[in-house]
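Me: I would like a close look at a single part of this model, with its surroundings described as far as they go. Please keep it plain.

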Amino acid sequence: MPGQQIAQANPPPDASLLSKEILKFEAQINTKGYLSPDEHMSLDLFTRAANYISAAMIFLNDNVLLEKKITSDMIKPRLLGHWGTCPGLVLVYAHLNRIIKKTGLDALYVVGPGHGAPAILSCLWMEDSMSTFMPEYSRNYSGLKKLISRFSVPGGFPSHINAETPGAIHEGGELGYALSVSFGAVMDNPDLIVACVVGDGEAETGPTATAWHAMKYIDPAESGAVIPILHVNGFKISERTIAGVMDNKETIALYTGYGYQVRIVEDIEDIHNDLAASLDWAVSEIKKIQKAARSGSPIVKPRWPMLVLRTPKGWTGPKVHNGEFIEGSFRSHQVPLPEAKTNPEELQMLQKWLESYGPKELFNRDGSPVDAIMKIVPEGGKRMGMRDESYKAYQPLQTPDWRNFTSKAGEDISCMKAIGQFIKEVVVQNPKTFRIFSPDELVSNKLDAVFDVTGRNFQWDVASRAQGGRVIEILSEHTCQGMLQGYTLTGRTGLFPSYEAFLGIVHTMMVQYAKFCKMASETTWRQPCGSLNYLETSTWTRQEHNGFSHQNPSFIGAVLNLKAQFARVYLPPDANCFLSTISHCLRAKNYVNLMVGSKQPTPVWLSKEEAEKHCVAGASVWKFCSVDEGVDPDVVLVGIGVEMTFEVIAAAALLRKLMPALRVRVVNVTDLMILSPYGKHPHALTKDSFEALFTPDRPIHFNYHGYPIELRGLLGGRPGTDRITIEGYAEEGTTTSPFDMMLCNRTSRFDVAIAAIRGGANYNKRAAVDAHEVVSYIKHLAQKEREYILKHGKDHDDIYVTPKFD
């Protein structure tokens with residue numbers, strides 16, 4: 001069975017066994033005759049015109065207003081696009097226009113089914129937002145021809161919504177997080193309403209399942225609101241949807257339980273009155289909730305409105321072909337008439353389909369929409385394609401001087417504790433433009449200093465509602481990511497702290513965001529926005545208590561794979577360097593910043609002055625632990641990451657005792673991207689700079705926090721990589737001691753020292769004489785340490801005492 005078998009178009013769900021009493025929970029409103037005749041006519045004309053353009057965009061490369069009969073040469077050589085969702089998206093756009101024009105509402109439109117790009121582009125063209133940013137898409141015949149003929153062809157608009165689409169803050173290619181993006185967008189935007197269409201296919205995704213709860217984190221006193229619109233057209237690409245086989249009782253029960261007030265919009269014969277009345281009701285409910293909160297009497301657990309819009313898939317398109325249903329079935333999902341260019345019967349059906357909209361009634365002779373359509377189209381910045389929030393709303397953060405939070409070199413300080421104090425002051429200085437999105441790990445990650453000045457923003461919790469908390473804690477990385485994206489793309493700045501092992505959950509979401517940013521950077525009109533800031537801690541090196549499942553640094557590699565223009569990965573070696581790094585990242589624009597560090601107390605190696613220079617350079621020779629300050633080394637030892645650097649320094653101290661003849665240079669890398677071949681990344685070291693740090697020809701051993709293969713890929717374009725050895729996380733771990741984790745993954749001081757001897761002995765004859773003996777002894781020390789751990793269940797008490805160099 002290659003596709004869903006159906007006995008009728010738009011098949012209804014089977015009746016549930018739930019009580020009819022549940023239907024009482026649906027919002028009941030009077031819709032009959034709701035619109036004036038003029039409004040109804042304008043809405044009808046607008047939707048017909050936009051649907052016509054949407055369909056034409058999929059098929060036509062000429063004759064865009066059917067001035068003559070369509071011939072095969074007027075059909076595009078490749079038919080690409082998704083028709084099935086377009087009529088529903090157009091319908092919602094038209095009705096939002098009506099409310100905006102009538103009331104002055106500030107609204108954004110977020111579309112989960114981003115493959116419905118023809119619907120959005122057609123509406124943007126009719127409201128004349130397109131020509132503001134791209135003058136060639138003027139609201140006349142020339143612009144219309146270009147819009148239709150250049151859709152889904154090389155050099156034209158892609159088949160999905162992306163950053164080239166005015167008004168867009170969500171790409172919608174990967175399904176699942178339109179709703180969380182929408183909720184992030186309205187936070188601290190008190191006058192903004194985001195209408196978010198969630199396709200019934202998208203509603204089956206894990207990210208969407210949790211995002212329905214995001215309204216529990218919206219304080220109506222300080223933030224705007226989202227109108228979720230679950231668009232149920234019943235089918236995915238070849239099968240019915242879950243929402244499509246749920247009847248109204250089941251649907252109302254589900255979303256009422258989530259805390260929504262549900263309104264079903266399904267009167268197909270009178271859809272304009274039904275949807276107009278329902279959207280007006282939704283806006284009025286939002287205003288009631290906001291008014292109560294802003295007057296000091298917030299409603300506890302307010303039932304925010306949501307709509308369930310039931311329309312046939314591919315509505316207004318071809319009904320039946322070759323005895324099979326098209327409208328109201330999965331066959332309308334993409335191109336309903338896929339052989340229109342070569343099949344005369346399908347070409348004739350296309351002609352009839354496009355003519356059914358009556359284009360001569362919809363467009364003037366110059367190609368512009370008729371005046372009756374324009375009566376419901378907003379003007380100026382109220383147009384949804386022209387909202388400032390979508391493309392020019394960035395508000396720079398005010399950040400304190402990080403130097404005021406530093407510690408003296410030699411102290412043992414938690415990186416997270418140190419930056420927690422810094423972030424606390426960021427919260428104070430930016431009460432409406434900075435938020436923390438955390439998957440319920442803020443205290444565990446030792447960032448709880450922020451709770452001295454703010455709280456959580458969980459509106460269903462009596463302890464935190466209506467207090468303006470800056471912290472969103474929800475145990476869904478997907479929802480945190482979506483909210484962060486919406487908050488960032490509408491001009492603010494956020495921070496996403498997480499256990500290292502579980503950031504990978506949002507890997508593809510992060511990649512999709514970076515793709516959006518890439519396309520945004522290639523437009524001439526999108527202005528910069530803040531960076532996406534990830535704070536990765538509770539790392540594998542100190543997850544020995546939670547075990548193997550919590551040991552996974554793979555998110556580093558995910559960021560490394562992004563376009564170099566946007567990727568930034570930092571592994572500051574101590575608290576002072578971390579302070580410098582996070583201060584920079586929170587002020588930077590347009591990047592994906594990943595900061596990796598430890599929450600456990602570790603030595604502060606550098607003074608604030610040294611830390612500043614080190615972070616600006618991205619790497620430096622650490623003279624205090626190098627032989628002869630690093631001059632003329634036999635071997636270069638490189639630490640990347642807090643614990644990895646400690647082990648390198650401990651190895652350098654061990655070698656001073658066991659093999660004093662070996663000349664060791666210690667280098668720390670805090671900005672991972674400097675290692676890229678010159679020209680491959682903006683931060684990459686030149687050949688001369690690389691050799692000045694690492695020598696032109698001496699062996700280099702990297703002790704790296706992530707997977708070694710990542711570093712091999714980064715260094716791959718550098719000359720002389722045969723002199724490089726790398727150790728890092730080797731996918732070895734369990735519930736054990738911290739130092740045993742180093743031993744298991746060959747990143748301990750003993751492993752580093754052995755690598756140093758084996759490499760350096762090739763350049764130091766005196767060291768070569770003793771190399772075998774000393775290496776054997778170091779292996780013995782490692783074995784003894786391992787035996788002690790197994791016997792006593794812990795490391796030696798002095799294993800993490802700061803090494804001394806006298």
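How much space lies in the largest cavity, and which residues line it?

Reply: The model is predicted, and what follows was computed from it. About 120 Å³ of space lies in the largest cavity. Its lining is made up of 15 residues, and those closest to the centre are Tyr109, Ile120, Pro166, Gly167 and Ala168. Two elements, β1 (106-111) and α3 (117-127), each supply at least two residues of that lining. The largest share, 3 residues, comes from β1. The search of the whole structure that found this cavity gives 5 cavities of 30 Å³ or more.

The range of α3, 117-127, also takes in the position of a cysteine, Cys123. Cys123 is buried, with a relative accessible area of 0%. The count of disulfides comes to 0. For Cys123, the nearest cysteine sulfur is that of Cys86, 9.4 Å away; a disulfide would need the two sulfur atoms within 2.5 Å, so Cys123 is in none. Cys744, by contrast in exposure, is partly exposed, with a relative accessible area of 25%.

The cavity can be set beside the largest pocket, which has a volume of about 420 Å³. Of the 15 residues that line this pocket, Ala650, Leu654, Lys657, Arg749 and Asp798 are the closest to its centre. Two or more lining residues come from each of α19, α23 (749-760) and α24 (765-792), and α19 gives the largest share, 4 residues.

Helix α19 (642-658) also appears in the surroundings of another helix, α13, where it is among the elements that cover the buried residues. The others include β8 (412-414), β9 (434-438), β11 (493-499), β12 (532-537) and α17 (575-587). The buried residues of α13 are Cys415, Met416, Ala418, Ile419, Gly420, Phe422, Ile423, Lys424, Val426 and Val427. Helix α13 has 15 residues (415-429) and reaches 22 Å from its first C-alpha to its last, close to the 21 Å expected. At its start, a side-chain oxygen of Ser414 comes to within 3.2 Å of the backbone nitrogen of Met416.

One further buried site is Gln290, which is placed in helix α9 (residues 271-294). Its relative accessible area is 4%, and because buried means under 20%, Gln290 counts as buried. Apart from its neighbours within four places in sequence, Gln290 is in contact with Pro190, Pro220, Ser223, Gly224 and Ala225.

Definitions and conventions:
Residues are numbered from 1 along each chain as its sequence is written. This is a predicted model: local features need pLDDT of at least 70, side-chain atom pairs count only at pLDDT 80 or more; totals for chains, interfaces and linings use all residues. Side-chain values use heavy atoms; hydrogens and water are left out. The expected span of a helix is 1.5 Å times one less than its number of residues. Buried means under 20% relative accessible area, exposed over 50%, partly exposed in between (1.4 Å probe, protein chains only). Contact means heavy atoms within 4.5 Å. A polar contact is a pair of N or O atoms within 3.5 Å; within protein, one must be able to donate a hydrogen and the other to accept it, and residues adjacent in sequence count only if both atoms are side-chain atoms. On a 1 Å grid over the protein atoms alone, a cavity is a set of points where a 1.4 Å probe fits but cannot get out, and a pocket is an open set with protein on both sides within 12 Å along at least five of seven lines; lining residues have an atom within 4 Å of a point. Grid points are joined across faces, edges and corners, and a volume is the space filled by probe spheres set on the points.
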